[in-house]
Amino acid sequence: MLRARIKRSLPGFELNVELSLERELMAILGPSGSGKTMTLQCIAGLTKPDEGYIELDGQVLFDSTARVNLPPQKRRVGFVFQNYALFPLMTVAENIAYSIRCLPKSEIRAKISHLLNIMNISPLSERYPRQLSAGQQQRAAIARALAPDPAMLLLDEPFSALDPQLKERLELELLALQQGYQGSMLLVTHDLAEGYKLGGRVAVYHGGSIAQCDTRQRVFSTPVNRTVARLTGVHNFMDGEISRLEPPFGWVNIPAWNMQLKAHLPASGLSIGRQVVLGIRPEYIQINPPARATNMIGARVLQAVEGIASVTYRLLVDGDWRERHLLNSLLPKADEQLLAEKEPCQLHLPPEHLIVIPE
């Protein structure tokens, strides 16, 4: 189990976070410069916090009050860097063996063989990093990090440089590895889909602090504020006010549209007259569906961008007197003809997919 409270100040930036982690994989999401990598470096002992406390499985790694600061090699923490950081003049087997070189030779050979087999790179043991593909280097880096049996594995955007197919394959391999690994994992990623797929829990970073940390389902379905919603993929926002409560649903008045929308409410904390923000993900907005009784809105297409398997529409709601509530809809391709620019359409915003965020 990890317990960490970390403060670290730099010119123009301050990291101030608190984390607790059981034997699970937690994904850390957030924009560049929000402190994600610095958190990993502080846990690994590569960067010293200004103050705080880090404990892993009962062992104190850092305590600013007691002046404890264990060196990286004594922390039982494996680190997989974004650029892999393999030793270029060592073979794959030598890279893996480096951190366990003090063990008996027979044990080193057995561990190398085991890790090469787990990471599916057994035929590559005598190759040098320059002779490996990016995916093979990544597998070797993970094997090296696992060699000393770390209590925690830190992964700093490990798949960011890989092509989509290889990335997906390694994500599945990491999930399989997690099943047999007895320690905790922290994964830093910019990829929302990757964070959701791999992380049982998700921490959303913003400006050096944690805006929300919870199960992935709660973070993505009930973000605590507009910032978390935006960072987890909600692109459509409408300002409104609670006008009627019919738990578990409520009605929200949207002044800019002169209409009310029905939405699923959070568990508690909202009352009539409360200012809120409504949010909805692009993939949940339906265009020209069969007639619905609630949340039907007239709109026109401003732009249609065709992708390989989907179409992204930018839409302007009819009667939006501010002309600023542009909605984005992401729809899978269908047999029907694509909507053209300026073409009128009907939108349905399903109540169960509308996110109500207190202001």
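Contact means heavy atoms within 4.5 Å. The exercises below use this term throughout.

The structure is a predicted model, in which local features need pLDDT of at least 70, side-chain atom pairs count only at pLDDT 80 or more, and totals for chains, interfaces and linings use all residues. Residues are numbered from 1 along each chain as its sequence is written, and side-chain values use heavy atoms, with hydrogens and water left out.

**Exercise 1. The surroundings of Arg75**

Task: Determine where Arg75 is placed, and which residues Arg75 touches.

Solution:
Step 1. Arg75 belongs to the loop between β6 (68-69) and β7 (77-80). Helices (H or I, at least four residues) and strands (E, at least two) are DSSP runs, numbered from the N terminus.
Step 2. The relative accessible area of Arg75 is 0%, so Arg75 is buried. Buried means under 20% relative accessible area, exposed over 50%, and partly exposed in between (1.4 Å probe, protein chains only).
Step 3. Not counting residues up to four places away in sequence, Arg75 touches Cys42, Ile43, Ala44, Gly45, Ile54, Leu56, Leu61, Phe62, Asn69 and Leu70. One of these, Gly45, is 30 residues from Arg75 in sequence, and the two are 7.6 Å apart in space, C-alpha to C-alpha.
Step 4. The side chain of Arg75 has a polar atom 3.0 Å from the backbone oxygen of Ile43, and a polar contact of 2.7 Å joins the side chains of Arg75 and Asn69. A polar contact is a pair of N or O atoms within 3.5 Å; within protein, one must be able to donate a hydrogen and the other to accept it, and residues adjacent in sequence count only if both atoms are side-chain atoms.

**Exercise 2. The two sides of α3**

Task: Compare the span of α3 with the expected value, and state which residues of α3 are buried and which are exposed on the other side.

Solution:
Step 1. The 14 residues of α3 should span 20 Å at 1.5 Å a residue, and the end C-alpha atoms are 20 Å apart, which agrees. The expected span of a helix is 1.5 Å times one less than its number of residues.
Step 2. The buried residues in α3 are Ile108, Lys111, Ile112, Leu115 and Leu116. They cover an arc of only 130° around the axis, which puts them on the same side of α3. The arc is that of the directions from the helix axis to the C-beta atoms.
Step 3. Arg109 and Asn117 are exposed on the other side of α3.
Step 4. The buried residues pack against α2 and α4. Just after α3, Asn120 takes a positive phi of about 60°.

**Exercise 3. The two sides of α5**

Task: Carry out the analysis for α5, giving its buried residues and what covers them.

Solution:
Step 1. With 17 residues, α5 reaches 25 Å from its first C-alpha to its last, close to the 24 Å expected at 1.5 Å a residue.
Step 2. Leu166, Lys167, Leu170, Glu171, Leu174 and Leu177 are buried in α5. Seen down the axis, these buried residues fall within an arc of 140°, so they line one face of the helix.
Step 3. Pro164, Gln165, Ala176 and Gln179 are exposed on the other side of α5.
Step 4. The cover of the buried residues includes β3 (25-29), α3, α4, β8, β9 and α6 (192-198).
Step 5. At the start of α5, a side-chain oxygen of Asp163 comes to within 3.2 Å of the backbone nitrogen of Gln165.

**Exercise 4. The nonpolar cores**

Task: Describe the largest nonpolar core and the elements that give two or more residues to this core.

Solution:
Step 1. A nonpolar core is a set of buried Ala, Val, Leu, Ile, Met, Phe, Trp, Tyr and Cys residues joined through side-chain atoms within 4.5 Å. In soluble globular proteins, nonpolar side chains tend to be buried together.
Step 2. The largest such core has 36 residues, and Ile96, Leu153, Leu174 and Met185 have the most contacts inside it.
Step 3. Two or more residues come from each of α2 (92-97), α3 (105-118), α4 (134-146), β8 (152-156), α5 (164-180) and β9 (184-188). The largest share, 6 residues, comes from α4.
Step 4. Apart from this core lies another, of 31 residues, among them Ile280, Ile287, Val311 and Leu349.
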